[in-house]
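Morning, everyone. I have one structure to walk through today. Have a look at it first, then we'll go through it piece by piece.

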Amino acid sequence: MSGSGPIYEVECTTCGRSSEASEGSAGPDAWALEHADRTGHTGYRNILTRFSRASRSAGTP
């Protein structure tokens, strides 16, 4: 199987706002810290998305 690298995002479990999707976790993590500082919200959901592509071997029905 092959696919692109993971996509990271953080979502506030209090208000539902979320960071932008990113190819690294640093941006979403920084967003969560800034959001917590501004709002006092302390619960976050870390979202990791990975895409895969499967291919059939030659001769496989």
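One term before we start. Buried means under 20% relative accessible area, exposed means over 50%, and partly exposed is what lies in between. Cys15 has a relative accessible area of 38%, so it is partly exposed. Keep in mind that this is a predicted model.

Now the overall layout. The protein has 1 helix and 2 strands. Read from the N terminus, the order is β-α-β. Is the protein compact or spread out? Its radius of gyration is 17 Å, while the globule rule gives 10 Å for 61 residues, so the protein is more spread out than a compact globule. Along the principal axes, the C-alpha atoms fill a box of roughly 60 × 20 × 10 Å. Of the 61 residues, 13% are buried. The accessible surface is about 4700 Å², and carbon and sulfur atoms account for 47% of that. On to contacts. Take those between residues at least 6 apart in sequence: 48% of them join residues at least 24 apart.

Back to the cysteines. How many disulfides are there? The count is 0. For the bench, a reminder: a disulfide is a covalent bond between the sulfur atoms of two cysteines. Look at Cys12. Its closest cysteine sulfur is in Cys15, 3.8 Å away, and that is too far for a bond. The cut-off here is 2.5 Å between the sulfurs. Cys15 is in no disulfide either, with the sulfur of Cys12 as its nearest cysteine sulfur. What about cover? Cys12 has a relative accessible area of 1%, so it is buried. Cys15, as I said, is partly exposed.

Next, a histidine that touches both. His35 sits in helix H1, residues 26-39. Its relative accessible area is 2%, so His35 is buried. What does His35 contact, beyond its neighbours within four places in sequence? Cys12, Cys15, Arg17, Gly40, His41 and Tyr44. With His41 there is also a polar contact, side chain to side chain, at 3.4 Å.

Now charges. The structure holds 1 salt bridge. Which side chains make it? Glu11 and Arg45, at 2.2 Å from N to O. This pair links distant parts of the chain. Glu11 is in strand E1, residues 7-12, and Arg45 is in strand E2, residues 44-49, with their positions 34 residues apart. Glu11 is at 22% relative accessibility, so it counts as partly exposed. Arg45 is at 43%, so it counts as partly exposed too.

Last stop, Ser18. It lies in the loop between E1 and H1. At 34% relative accessibility, Ser18 counts as partly exposed. Setting aside neighbours within four places in sequence, its contacts are Glu9, Val10, Glu11 and Trp31. So the Glu11 of the salt bridge turns up here again, touching Ser18. With Glu9, Ser18 makes a polar contact between side chains, at 3.3 Å. And where is Ser18 relative to His41? They are 23 residues apart along the chain, and their C-alpha atoms are separated by 12 Å.

To wrap up: 0 disulfides, 1 salt bridge, and a buried His35 in contact with Cys12 and Cys15. Thanks. Over to you.

Key. Residues numbered from 1 in each chain as written. Predicted model: local features only at pLDDT ≥ 70, side-chain atom pairs only at ≥ 80, totals over all residues. Heavy atoms only, no water. Helix = DSSP H or I, 4+ residues; strand = E, 2+ residues; numbered from the N terminus. Buried < 20%, exposed > 50% of the residue type's maximum accessible area, 1.4 Å probe, protein only. Polar contact = N/O pair within 3.5 Å; in protein donor to acceptor, adjacent residues only side chain to side chain. Contact = heavy atoms within 4.5 Å. Rg over C-alpha atoms; globule rule 2.2 N^0.38 Å. Areas by Shrake-Rupley, 256 points an atom, 1.4 Å probe, with all protein chains shown as cover. Salt bridge = Lys/Arg side-chain N within 4 Å of Asp/Glu carboxyl O.
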